[in-house]
Amino acid sequence: MQPFTYHRAGSFDEAMREAARPGAALLAGGTTMVDLMRGDLAAPSSLVDIGHLPGLSEITTTGSALRFGALARMADAAEDPVVLRDYPALAESLQLAASQQLRNAATLGGNLLQRTRCVYFRNGVSACNKREPGSGCSALDGEDREMALFGGSERCIATYPGDWGIALAAFDTAVEVRGATGTRSIPFADFHRPYGEDPAVETVLAPGEIITAITVQATPAGRRSTYLKVRDRESYAYAVVSAAVALEMDGDIVRAARIALGGVATKPWRAPEAEAALVGRTLSEAVALQAGEAAFAHAQPRRQNAFKVELGRRVVARAAMVAAARGN
Ligand code: SF4
């Protein structure tokens, strides 16, 4: 680990100033940043600790939107009674992530900033445009079982590793941030950048900007939602394929659908073709499977991950059936 200075911010304004300095990084729950630093995958010259700042940990579930303070812990949101009852997809995405110990420490804002598990990024020595811009991408001709079916480029094909972000993508979500030029609300679909020119730049956050909250518009589809995650072992593992589905139903007919995919794309991935395959239809297992097929119609499998296409179709179909059965 490289030497660094530790700065415990006394206020939000001080945190913004310190975080904007070259080489600075934020520390909140520490579960991502310390992990990256131990692996020499991040080497900030200064760590700005914001984990104790007041007013950023509240979870509000009344009114027209849920509001999750950026420093709220994953475990607290996963156990919130309103989230559990009215937005099970959000609760499940948190319950199925990491371990209880990590969920007790990790923050909801920091969770959005976790970095890929690509083995070539993590090993610290292989060519990797994300770790060392311009060095190449070892995954293009290497092990690609874990790599993306959607959103990749010739520069990077790494999957986004999160669960919470996939569930958020199935709702009208925004990320509130505050920086030197003021506050802004970023639609969640725009928060993570595509891997275009520079895979090392993963979000649209400007230097010094700090996430203050995540907001989710209230919707009756919340009660008919689920997050289904398939992984290589039953706990403490990242998704091989996952799907978040939220439905509005009129009897057996789907009135509205939101579907997002995880484990298969470079960022939280909406599947509008799958949503269109459900809306206006009487839901059945056959219709749900058609939605799964639509979700993966434009997948770009590689040598070792083509199995994810069929697995993904079935995950979407099962999630749709589970979601529809809720709220009856
Ligand atoms: Fe690096 Fe992305 Fe290629 Fe993995 S897929 S080696 S993270 S550039």
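The following exchange concerns helices, a ligand site and backbone angles in this structure.

The model is predicted, so local features need pLDDT of at least 70 and side-chain atom pairs count only at pLDDT 80 or more, while totals for chains, interfaces and linings use all residues. Residues are numbered from 1 along each chain as its sequence is written, and side-chain values use heavy atoms, with hydrogens and water left out.

Reader: What distance separates the end C-alpha atoms of helix α13?
Author: Helices (H or I, at least four residues) and strands (E, at least two) are DSSP runs, numbered from the N terminus. The expected span of a helix is 1.5 Å times one less than its number of residues. For the 19 residues of α13 (307–325) this gives 27 Å, which agrees with the separation in the model, 28 Å.

Reader: Which elements do the buried residues of α13 pack against?
Author: Buried means under 20% relative accessible area, exposed over 50%, and partly exposed in between (1.4 Å probe, protein chains only). In α13 the buried residues are K308, V309, G312, V315, V316, A317, A319, A320, A323 and A324. With contact taken as heavy atoms within 4.5 Å, these residues pack against β9 (225–231), β10 (239–250), β11 (253–262), α11 (272–278) and α12 (285–295).

Reader: Which residues does R326 touch, not counting residues up to four places away in sequence?
Author: R326 is in the segment after α13, and at 25% relative accessibility R326 counts as partly exposed. Its C-alpha atom is separated by 6.7 Å from that of R223, although the two are 103 residues apart along the chain. The residues touched by R326 are P88, E92, R223, R224, S225 and T226.

Reader: Which residues of helix α5 are buried?
Author: Helix α5 covers residues 88–95 and is mostly covered, with seven of its eight residues buried. Those residues are P88, A89, L90, A91, E92, S93 and L94.

Reader: Is M16 buried or exposed, and what is its relative accessible area?
Author: M16 belongs to helix α1 (residues 12–19), whose buried residues pack against β1 (5–8), β2 (24–27), β3, β6 (173–179) and β8 (210–217). M16 touches R178, G179, A180, G208 and I210, leaving aside residues up to four places away in sequence. The C-alpha atoms of M16 and I210 lie 7.0 Å apart, with their positions 194 residues apart along the chain. M16 is buried, and its relative accessible area is 12%.

Reader: Which residues come nearest to the ligand?
Author: The ligand sits in the largest cavity. A cavity is a set of points on a 1 Å grid over the protein atoms alone where a 1.4 Å probe fits but cannot get out, and a molecule sits in it if more than half of its atoms lie within 2 Å of its grid points. A residue is near a molecule if one of its heavy atoms lies within 4 Å of it. Of the 14 residues around the ligand, those that come nearest are C118, C128, C137, R155 and C156.

Reader: What is the phi of D40?
Author: Most residues other than glycine have a negative phi. D40 is found in the loop between α2 (33–38) and β3 (46–49) and is partly exposed, with a relative accessible area of 46%. Its phi is positive, near 55°.

Reader: What is the phi of A98?
Author: A98 lies in the loop between α5 and α6 (100–105). At 29% relative accessibility, A98 counts as partly exposed. Although A98 is not a glycine, its phi is positive, about 50°.

Methods. On a 1 Å grid over the protein atoms alone, a cavity is a set of points where a 1.4 Å probe fits but cannot get out, and a pocket is an open set with protein on both sides within 12 Å along at least five of seven lines; lining residues have an atom within 4 Å of a point.
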